[in-house]
Amino acid sequence: MTILFHHSAFEAHEMGPHHPESPARIRAVIEELESSGLMARLQREEAPMAREEDILRAHDRDHWEALKAAAPESQYAVIDSDTAMNPHTLEAVSRAAGAVVQAVEAVVCGRAKTAFCAVRPPGHHAQRDQAMGFCFLNSVAVGALYATEALGLERVAVVDFDVHHGNGTEEILADRPGMLMVSTFQQGIYPGWGERPLGKNMVNVALPGGSDGKALRAAVLEQWIPALDAFCPELIIISAGFDAHRDDPLAGLRWTEADYGWVTEQLIAVAGRHAQGRIVSSLEGGYETRSLGRSVASHLSALLLGETLGSA
Ligand SMILES: [Zn+2]
């Protein structure tokens with residue numbers, strides 16, 4: 001079974017009328033899942049608020065207190081040049097992190113094999129003590145640390161295929177025992193880090209601007225999979241950003257829907273070899289709404305197919 005975590009708060013958070021990280025993104029995802037017939041095959045669950053103890057495994061208390069203090073009662077609270085809070089942001093960020101925690105619990109306890117968190121805002125730029133780049137809390141890092149520290153898993157792999165480097169996740173998880181992070185990202189764009197890994201448990205693959213799915217496939221086959229197989233993860237958590245798509249306006253890679261399906265199939269195979277098929281995926285970027293919807297559908301089609309194969 002694949003669970004889809006969602007909540008109306010993810011549409012209520014917004015950062016201004018022309019901001020690319022908009023509620024239209026999540027609406028496009030839900031509409032595509034419904035019109036493609038995939039939604040009927042998913043178990044929908046409400047994303048819960050994160051518990052403070054879960055947030056504080058990945059973030060300093062000062063950061064969480066500052067977010068709560070900054071939350072406005074009306075209008076916007078500006079965090080940085082491209083990141084702002086409205087009155088619904090705090091609930092959305094808490095439910096985004098809570099969704100990943102609940103998804104981890106569901107797949108580790110065996111209630112489902114895989115789960116997708118249809119959340120926003122994204123989280124992978126959020127550092128231990130800083131919101132940045134449309135991100136406030138690092139939902140994937142919160143979920144990964146919940147898996148090791150609360151549920152007792154010994155090895156968790158985080159996979160990030162967003163076009164931007166997941167600097168926050170890397171900062172939080174670098175050299176943490178029981179963690180491996182593998183990622184691809186476009187060289188030289190925001191946030192400008194990643195080419196020098198911060199820890200021995202980081203496999204960072206910078207892809208040249210303009211490259212297509214061939215470069216992704218080489219990175220996955222030559223760098224990700226050997227590292228993942230050597231690590232033998234008990235759980236895979238995906239930072240699933242879809243802004244490496246060729247139609248995306250924020251970056252310059254040229255992936256297609258088929259590439260997202262292919263990379264998902266590779267991760268299902270790794271999870272099948274080592275992790276009893278357990279995969280939690282959480283939405284990060286993706287700013288062209290039509291290709292975002294179709295790419296998420298391709299990702300979820302592969303996850304659902306993996307379910308069928310795993311239970312056959
Ligand atoms: Zn991104």
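# Strand β6 and what surrounds it

Student: Which residues of β6 are buried on one side, and which on the other?

Tutor: Both faces of β6 are covered: V156, V158 and D160 are buried on one side, and A157 and V159 on the other. A residue is buried if 20 or more other C-beta atoms lie within 10 Å of its own, exposed if 12 or fewer do, and partly exposed in between, with C-beta atoms placed from the backbone. Strands (E, at least two residues) and helices (H or I, at least four) are DSSP runs numbered from the N terminus. The two sets are therefore, by that count, V156, V158 and D160 against A157 and V159.

Student: What pLDDT do local features need here?

Tutor: Residues are numbered from 1 along each chain as its sequence is written. This is a predicted model: totals for chains, interfaces and linings use all residues, side-chain atom pairs count only at pLDDT 80 or more, and local features need a pLDDT of at least 70.

Student: Which residues are the bridge partners of D160 in β9 and in β7?

Tutor: Strand β6 (residues 156-160) runs parallel to β9 (residues 235-240), joined by five bridges. Five bridges also join β6 to β7, again in parallel. Two strands pair if DSSP finds at least two bridges between them. The partner of D160 in β9 is S239, and in β7 it is S183.

Student: Which are the edge strands of the open sheet?

Tutor: The sheet has eight strands in the order β2-β1-β5-β10-β9-β6-β7-β8, with parallel pairing. An edge strand pairs on one side only. That description fits β2 (43-46) and β8 (202-207).

Student: What angle does the direction of α8 make with that of β8?

Tutor: Helix α8 packs on the sheet and touches β6, β7 (179-186) and β8. Touching is judged by contact, where the C-beta atoms of two residues, placed from the backbone, lie within 7 Å. Angles run from 0 to 180 degrees between N-to-C directions, and axes are lines fitted to C-alpha atoms, for helices over the stretch in contact. The angle between α8 and β8 is about 180 degrees.

Student: How do α8 and α9 lie: roughly parallel or roughly antiparallel?

Tutor: The axes of α8 (residues 213-231) and α9 (residues 257-274) come within 11 Å and cross at roughly 10 degrees. Angles under 35 degrees count as roughly parallel, over 145 as roughly antiparallel, 65 to 115 as roughly perpendicular and the rest as oblique. So α8 and α9 are roughly parallel.

Student: Why do the buried residues of α4 lie on the same side?

Tutor: In helix α4 (residues 61-70), H63, W64 and L67 are buried. An α-helix has 3.6 residues a turn, so residues three or four places apart point the same way. The three lie on the same side because the arc they cover, taken from the directions from the helix axis to the C-beta atoms, is only 95 degrees.

Student: Which exposed residues does the other face of α4 carry?

Tutor: The cover over the buried residues of α4 includes α3 (52-55) and α5 (89-108). The face turned away from that buried side carries R61, D62, E65, K68 and A69.

Student: Is E34 buried or exposed?

Tutor: E34 is in helix α2 (residues 23-35). Because E34 has 11 C-beta neighbours inside 10 Å, it counts as exposed.
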